[in-house]
Each structure stands twice: as C-alpha cells, then as structure tokens.
Amino acid sequence: MNKDRASLELSKEEMKTYGTHVVDAIVEHYHTQNNKLPVAKESREEMDSLFLEEAPENGSKPLDVLNFVLKKVMTNSTDMSHPKSYSFVPGPSNYISVMADALATGFNIFSGGWVASPAAAELEIITIQWLLKIFGFPQKKGGGIFTSGGSMANLTALTTARRIKCGEDFSKAIIYLSDQAHSSNIKAIRVLGFKKEQIRIIPTDIEFKFAINKLKNCIAKDKLEGLHPFCLIATSGTTNTGTIDPISELAAICKKEDIWFHIDGAYGAAAILSPKGKQLLKGIEKADSLTVDPHKWFFQPYEMGCLLIRNHKHLSHTFTEKPEYLRDIEGNTSEINFYDHGIQLTRRFRALKFYMSLKTYGLKEFRNAITYNIDLAEEVEALLRASKYWQVVFPATLAIINFRFNPIEKKHSKKELDAINQYISEKVVSSRKALLVTTVLHGKTVLRMCLINPRTTLEDVKETLALCEEFASERV
C-alpha cells in the first residue's frame, strides 16, 4: 500500500463514532434550544480572535475539530429556529428534513440529470407535482424546479418571462412591481441587465397593496410611448406586513395586456394550506409563475426555494443547452434533466428533505402548524389591543403583526415614539433573549413579529412583550 496516497478517509469505526457525535449534537440542540438565548451578537474582532489563522498544513483529530466547531461556531450563530426568533422570516426547520439533508449530502447525489440519479429526478418531479396541485396549477402542463431560495426562484422566473415575452431583444421591455416587493426581485432585475428606466415601482395603497389604478395608468402611458410591458411581479405575503396583493385583479390586467404574471409567494404562499390562507390567496393559480420558499413556512432547513410554472416547456425553452459533453446522457422527454429547467448544472438533492418530511408527517400536520401560526398572530393582536401600552400599526396578516409602544396616558410625539421603539428593539436584541427588530410603516418605526414557528407559544410572546415594556420604562 502506498503510504503517500491521500485517501481523505476515516475507518468505519471512526466514521460511526464521529457520526454519532454529530447526530447527538443535533438532537441535543433540538431538545434544548427553547432554553437557550437565540441571538448572537459577536463583533468581527471577536470572531477573528477565535478563527483567524493560516490554513493548517497538518490535520487535527476529527473529534477535536468537531468539538471546537460545536463550542465556538454553533454557539455564535443566531438561532432562527428559536421560539423567540421573531424577525425577518424565521426558519423553523424539522428533524426529519435535517436527516434527509444528511443522507442527500452523505451519498453525494447529483440531482442535475436523469441518468446520473433517476430516483432524485423522479422525487423532484413528484414533489413538484404535489405543489402544483396544492396551488391549483395544471399538473400535466405545469412544472417547476427547486432552487437555493426565493432569490434564485425569482431570478429563474424573470429570466423565463424575458425569454418567452421578449425573445432576444428586451431593449423596450418594462417590468412592474410594487414598493413592497421583496428586494430579491430588484436584484434579479439588475442581474438580468435591465436599466433603471425599464423598472416601474408602483406605489401601494394604505393597506400596502398594489395600487390598481396607478398600475393601469402606468401601463397605458408606457404603451403610448412605444414601450413593451412584459412582466408584472405581485406578492402574496409581503415581508413587511404579510399583505397579499389583489391577485385576481392583477391577473385580469396581465391577461388583457399580454403581460407575464409572476407571484412572489416566497413568504406567504404556503398559507394556502390553512382555511384562512386559502381564502386570502384566491386567484394564485392564475399566475404564469409562482415562487414558494419551502425553507420558510413549509418548515424545511436552508436552502430550499421553489419555482412553479404553468407551462414546463417555458423552462426548458429558456435554459436548455446542448454541450458535447452531455450528449450521451439525454433521455426521452419524460425523463427530466433539471439542469435544463434552471440556472444550475450541478444541483444538490433538495427534493429529498421535502419528500421525506411530507411522507413522515403528512400534509395534515403542515396544515395544522400553519393554521396555528395564523391563529397565534391574531391572538397576539387581540392581546396588544387590550393593552394600554401598545398600538397595533398593521393588523395580523399571514402570521405577521406590526405594533409599537405608545402608552395611552402619555402624549409622545412621533419622533419620540420612533426613538422609544428603536431603543426597545436594540435593548431586546442586546439582551439576546429574543430577536425582535423594527421596520418602517407609513413613516413610523414599528416592531414586527413574524410568528411562523409552530413551537412559539403565546406565553413566549407575553414574556417578550414584558421585556419590551421593561426597556420602554427606561425611556418614558
């Protein structure tokens, strides 16, 4: 045996021991995370003092490296799955999907083409079919692809829209979105090479919904000027407020004007599994394309986004390339090569975690969890309205609630209230007891809670509000 050969391997027993330690650490994290502080706030200097070094020429014992990572890396990362992690969009994962990810990574399955991994491709086809049915998209004609997240799903959708509606020349193409659309859409538009003059950001109304009349006026003006309206981006569940744009009205406009209708449902689309959400999301099936983020409200670990599309041929017509080195792995038309449906050639096996968690828990458990989240936000709204300290700035919508400290007996100015609520957020985050940050609505600094974690209880929220009131008392 050549002793100089680099195998990058451990013995079977070493692998079993190492793997047991990893699984034990994950299980312990799941079992104890509710009792830990969710927020990490270390500085760059503090992180450099822990990790900054030259790449080691010689290795260390595997368990020594693992223990260092568990003690120094995992403890210095904010826990987005914590019950008191309310900000941005939390990531309340599930253990089955975590283990599925370990399997997909451990077997190192390439999920780009059928020949390389027919089972992986089939599971992606099947789980995409499940989602098409959930959202009312045509199951035979429709299709989709799993992506790294909503940003890549939106980029894939807009690339497809441009190809189908504009062909090679998009110099006069105009795209429409509201001032509440997610920033990933603007980023995608820039990546695709559109100029600032080709983007129309339509103001929203008092409820933060797409202003229909302003949109119609804008489209009419652009057409009169010889421009080409080609795509409209609506949102089902804005990040700020959970607001759903008037989907059916927007769909009718897009149909009349021959505009590609994309819905960014990365946050809120999953609410369709609940009775209230399904009612609010009526018309979502009319979209040409829809972004959904399973790593948000479908309770999957990062990274997992998804693009659904009414006509799967639009994806293949946009992304298929035929280099010589892939000519031997082309199958028949039913054997989908997902590298022909999106940007990535090399793709990890994302479908497995979604498949295994749905098979294990069933849609009913997902429905119950989402329904609980929506109901919890409404309970929190009622709690806030019954308090003399809090003002609801925007009502509970798809499990998001916006509010601010504004005690009845005090007559604070807007500037004072903005400063107090900003102070509350900063102190709460500094305490590390909860992740609660601000946003701005109608020019007011407000506190925002996103309550999509099924482990978050009303008692968790009450404790956090009590903490907020404690800090507020320092400023009033």
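1. Start with the lining of the largest pocket: helix H1 gives the largest share of it, six residues. Keep in mind that this is a predicted model.

2. The pocket itself has a volume of about 1,100 Å³. It is lined by 33 residues, and the closest to its centre are Ile26, His29, Tyr30, Met74 and Asp79. Besides H1 (12-32), the elements that give two or more residues to this lining are helix H3 (62-72) and helix H4 (95-106).

3. What is the lining made of, by class? Sorted that way, the largest pocket has 16 nonpolar residues in its lining, along with 11 polar and six charged ones.

4. Now have a look at helix H8, which runs over residues 212-224. From first C-alpha to last, its 13 residues reach 19 Å, close to the 18 Å expected at 1.5 Å a residue.

5. Which residues of H8 are buried? They are Ile212, Leu215, Cys218, Ile219 and Asp222. Looking down the axis of H8, you'd find these buried residues within an arc of 125°, so they line one face of the helix. That fits a general point: an α-helix has 3.6 residues a turn, so residues three or four places apart point the same way.

6. Turn H8 around and the picture changes: Asn213 and Leu224, on the other side, are exposed. As for the buried residues of H8, their cover includes three strands, E2 (173-178), E3 (199-202) and E4 (228-235), and also helix H9 (247-257).

7. One last detail to check: glycine 226 follows H8, and its phi is positive, near 80°.

Notes:
Residues numbered from 1 in each chain as written. Predicted model: local features only at pLDDT ≥ 70, side-chain atom pairs only at ≥ 80, totals over all residues. Heavy atoms only, no water. 1 Å grid on protein atoms, 1.4 Å probe; cavity = no way out; pocket = protein on both sides within 12 Å on 5 of 7 lines; lining within 4 Å. Points joined across faces, edges and corners; volume = space filled by probe spheres on them. Helix = DSSP H or I, 4+ residues; strand = E, 2+ residues; numbered from the N terminus. Nonpolar A, V, L, I, M, F, W, Y, C, P; charged D, E, K, R; others polar. Expected span 1.5 Å × (residues − 1). Buried < 20%, exposed > 50% of the residue type's maximum accessible area, 1.4 Å probe, protein only. Arc of directions from axis to C-beta. Contact = heavy atoms within 4.5 Å.
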